[in-house]
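Student: Could you take me on a close look at the open sheet in this protein? I would like to see how its strands are ordered and paired, and how that part sits within the rest of the chain.

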Amino acid sequence: MASEIERFLFGEPVVVHFVTRFEFSKNTVSAEFLSFDCEKRLVAKFENAEIVTVEQDREEGDSLMLDIIGFDSYPFKGSWQFVLNCGSVEWSWNSSWPTIQDS
């Protein structure tokens with residue numbers, strides 16, 4: 001079942017997306033997603049962000065397109081906690097609900 005953040009970003013029904021970029025700068029997480037058919041690209045900006053954890057399997061190596069295994073969101077102290085799992089790397093952060101920019 002799709003999470004609240006997946007439905008918000010990718011619509012209904014949720015289609016497979018890849019993570020093509022993940023950056024943390026100036027208290028903002030910027031994540032770029034590309035649909036499986038490579039027709040839709042979007043950037044989500046998460047303001048007031050604080051990284052909680054980053055777990056990365058160094059053995060897997062870097063990839064330009066990461067499969068999304070799971071992307072969850074939970075209310076957390078007046079904002080949100082997000083967990084983005086791509087198998088070889090998992091990011092967890094607290095922030096405001098994202099804004100979307102079509103790319």
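Tutor: Happy to; here is a walk along the sheet, strand by strand, followed by its surroundings. Please keep in mind that this is a predicted model.

Let's begin with the overall layout. The open sheet is built from 4 strands, in the order S4-S8-S7-S6, with antiparallel pairing. Its edges are taken by strand S4 (50-56) and strand S6 (70-76); each has a single partner strand, so one side of each is left without a neighbour in the sheet. On average, and with direction ignored, neighbouring strands are turned by 10 degrees against each other.

Now start at the S4 edge and move across. S4 is joined to strand S8 (residues 89-95) by 6 bridges, and the two run antiparallel. If you would like a pair to find on screen, look for Gln56, whose bridge partner in S8 is Val89.

From S8 the next step is to S7. These two strands also run antiparallel, joined by 6 bridges. Here Gln81 stands opposite Asn94 in S8. S7 and S8 form a hairpin with 3 residues between the strands. In the turn of that hairpin you will find Gly87, with a positive phi of about 80 degrees.

The last step takes you from S7 to the S6 edge. S6 and S7 pair over 7 bridges, again in the antiparallel sense. Two pairs are handy markers for this step. Gly70 has Asn85 as its bridge partner in S7, while Pro75 stands opposite Trp80 in S7. S6 and S7 form a hairpin too, with 2 residues between the strands. In this hairpin Lys77 takes a positive phi near 50 degrees.

With the sheet in view, let's place it in the whole protein. The secondary structure comes to 1 helix and 9 strands, and along the sequence the pattern reads α-β-β-β-β-β-β-β-β-β. Among the other strands, S1 and S2 run antiparallel and are joined by 8 bridges. Phe24 stands opposite Val29 in S2. S1 and S2 form a hairpin with 2 residues between them, and Lys26 in the turn has a positive phi of about 50 degrees. S1 also pairs with strand S5 (residues 66-67), in the antiparallel sense over 2 bridges. In that pairing, Leu66 in S5 is the bridge partner of Val19.

What links these parts on the inside? The largest nonpolar core has 22 residues, and those with the most contacts inside it are Phe33, Phe71, Leu84 and Trp93. Several elements give two or more residues to this core: helix H1 (4-10), strand S1 (17-25), strand S2 (28-35), strand S3 (41-46), strand S7 (79-85) and S8. From the sheet we have just crossed, then, S7 and S8 are on that list.

Phe33 is a good residue to zoom in on. Its place is in strand S2, and it counts as buried because its relative accessibility is 0%, with buried meaning under 20%. Along the chain Phe33 is 35 residues from Ile68, and the C-alpha atoms of the two are separated by 9.6 Å.

For another view, go to Ala2, in the segment before H1. At 24% relative accessibility, Ala2 counts as partly exposed. Leaving aside residues up to four places away in sequence, Ala2 touches Arg7 and Val14. The C-alpha atoms of Ala2 and Glu12, 10 residues apart along the chain, are separated by 8.9 Å.

Finally, zoom out to the whole chain. A compact globule of 103 residues would have a radius of gyration near 13 Å, and the protein has 13 Å, which agrees. The C-alpha atoms fill a box of roughly 35 × 35 × 25 Å along the principal axes. Buried residues make up 39% of the 103 residues. Among contacts between residues at least 6 apart in sequence, 49% join residues at least 24 apart. The accessible surface comes to about 6300 Å², and carbon and sulfur atoms account for 48% of that surface.

Technical notes: Residues numbered from 1 in each chain as written. Predicted model: local features only at pLDDT ≥ 70, side-chain atom pairs only at ≥ 80, totals over all residues. Heavy atoms only, no water. Pairing = 2+ DSSP bridges. Axes fitted to C-alpha atoms, helices over the stretch in contact; angles between N-to-C directions. Rg over C-alpha atoms; globule rule 2.2 N^0.38 Å. Buried < 20%, exposed > 50% of the residue type's maximum accessible area, 1.4 Å probe, protein only. Contact = heavy atoms within 4.5 Å. Areas by Shrake-Rupley, 256 points an atom, 1.4 Å probe, with all protein chains shown as cover. Core = buried A, V, L, I, M, F, W, Y, C linked by side-chain atoms within 4.5 Å.
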